[in-house]
Amino acid sequence: MAAITVALLGGESSGKTTLGLALTQQLNALGVSATLVPEHLRAWCEREGRAPLAHEQAAIANEQSRQIDVATQSGEQVVVADTTALVVAAYSVSVFNDRSLLPASLEAQQQFHLTLLMGLDLPWQADGLFRDGPGMRTDIDAVLRRELQSADIPFQTVYGSAEARLQHALRAVGVLLGRPLVAHDPMLEAGTGRWTCENCSDPDCERRLFSGLVSQRPA
């Protein structure tokens with residue numbers, strides 16, 4: 001069976017890496033083989049000692065996608081991507097007013113089985129290196145939401161503490177696997193891989209949106 005791919009999207013200091021590490025670790029602890037693809041942009045900035053210029057963005061986005069593609073061939077059941085080319089494209093839009101990376105990045109994003117967008121409820125924290133500030137995080141979030149919605153790419157937004165976000169992600173991955181990954185989850189019908197909640201007829205309900213994602217992105 002092909003690997004289930006999980007994309008974690010969001011601006012700087014939005015919790016992607018924390019969730020990616022926790023999700024991968026917990027999946028492996030539950031007997032679901034999983035691997036994490038780190039954020040290439042951060043590795044690039046640490047290596048070069050600076051933020052990339054406009055003409056360097058495309059190569060960074062392509063390398064992020066390449067690393068994800070390689071991971072999907074590793075034989076793991078789940079591949080968690082700590083960001084995708086779409087985040088690089090969003091930065092290009094916000095920083096350089098360059099939309100040229102969006103078409104390819106959105107096409108790549110369509111291939112993920114699950115897209116999780118980090119909420120902005122966590123306090124922004126400087127890393128002493130390359131983070132620009134909470135304003136940039138908000139700008140990136142706005143671009144990501146707009147482009148995902150315009151391209152009709154289903155996504156779930158995760159909020160709350162690190163533990164709450166982990167539980168949300170585990171529930172979402174459990175739907176794709178067809179097995180509950182959260183003990184005594186009252187909102188997932190055992191053995192059916194379906195959410196049950198009183199708002200499932202509401203088109204704005206995120207769980208209903210996720211049900212559409214399952215039907216469009218078979219594992």
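In this predicted model, helix α3 (residues 57-72) packs against helix α4 (residues 85-96). The angle between the two is about 165 degrees, and their axes lie 8 Å apart. An angle over 145 degrees counts as roughly antiparallel, and α3 and α4 are therefore roughly antiparallel to each other. Their crossing is right-handed. On the α3 side, the contact is made by Gln-57, Ile-60, Ala-61, Gln-64 and Ser-65. These residues meet Ala-85, Val-88, Tyr-91, Ser-92 and Phe-96 of α4. By class, six residues of this contact are nonpolar and four are polar. No charged residue takes part in the contact of α3 with α4.

Helix α3 also packs against helix α2 (residues 40-48). Here the angle is about 125 degrees, with the axes 9 Å apart. Helices α2 and α3 are therefore oblique to each other. His-40, Leu-41 and Trp-44 represent α2 in the contact. Ile-60, Glu-63, Gln-64 and Gln-67 represent α3. The contact of α2 with α3 comprises three nonpolar residues, three polar residues and one charged residue. Ile-60 and Gln-64 of α3 thus appear in the contact with α4 and in the contact with α2.

The strands come next. Strand β3 spans residues 78-82 and is mostly covered. Five of its five residues are buried. In a regular strand, side chains alternate between the two faces of the sheet. Both faces of β3 are covered. Val-78, Val-80 and Asp-82 lie on one side, and Val-79 and Ala-81 lie on the other. Asp-82 is buried along with the rest of these residues.

Strand β3 pairs with two strands described here, β1 and β2. Strand β1 (residues 4-9) runs parallel to β3, and five bridges link the pair. Val-6 has Val-80 as its bridge partner in β3. Ala-7 has Ala-81 as its bridge partner in β3. Strand β2 (residues 34-37) also pairs with β3 in the parallel sense, over four bridges. The partner of Leu-36 in β3 is Val-80. Val-80 is therefore bridged to Val-6 and to Leu-36, and Val-80 is itself buried.

Strand β1 is largely enclosed by the rest of the structure, because six of its six residues are buried. Ile-4, Val-6 and Leu-8 point one way from the strand. Thr-5, Ala-7 and Leu-9 point the other way. All of these residues are buried. Strand β1 pairs with strand β4 (residues 114-118) as well. This pairing is parallel and has four bridges. In β4, the bridge partner of Ala-7 is Thr-115. Ala-7 thus has one bridge partner in β3, Ala-81, and another in β4, Thr-115.

The chain as a whole has eight helices and seven strands. Of its 219 residues, 45% are buried. Among contacts with a separation of 6 or more, 70% join residues 24 or more positions apart.

Key:
Residues numbered from 1 in each chain as written. Predicted model: local features only at pLDDT ≥ 70, side-chain atom pairs only at ≥ 80, totals over all residues. Heavy atoms only, no water. Buried < 20%, exposed > 50% of the residue type's maximum accessible area, 1.4 Å probe, protein only. Pairing = 2+ DSSP bridges. Axes fitted to C-alpha atoms, helices over the stretch in contact; angles between N-to-C directions. Parallel < 35°, antiparallel > 145°, perpendicular 65-115°, else oblique. Left-handed = near helix turned anticlockwise from the far one by under 90°. Contact = heavy atoms within 4.5 Å. Nonpolar A, V, L, I, M, F, W, Y, C, P; charged D, E, K, R; others polar.
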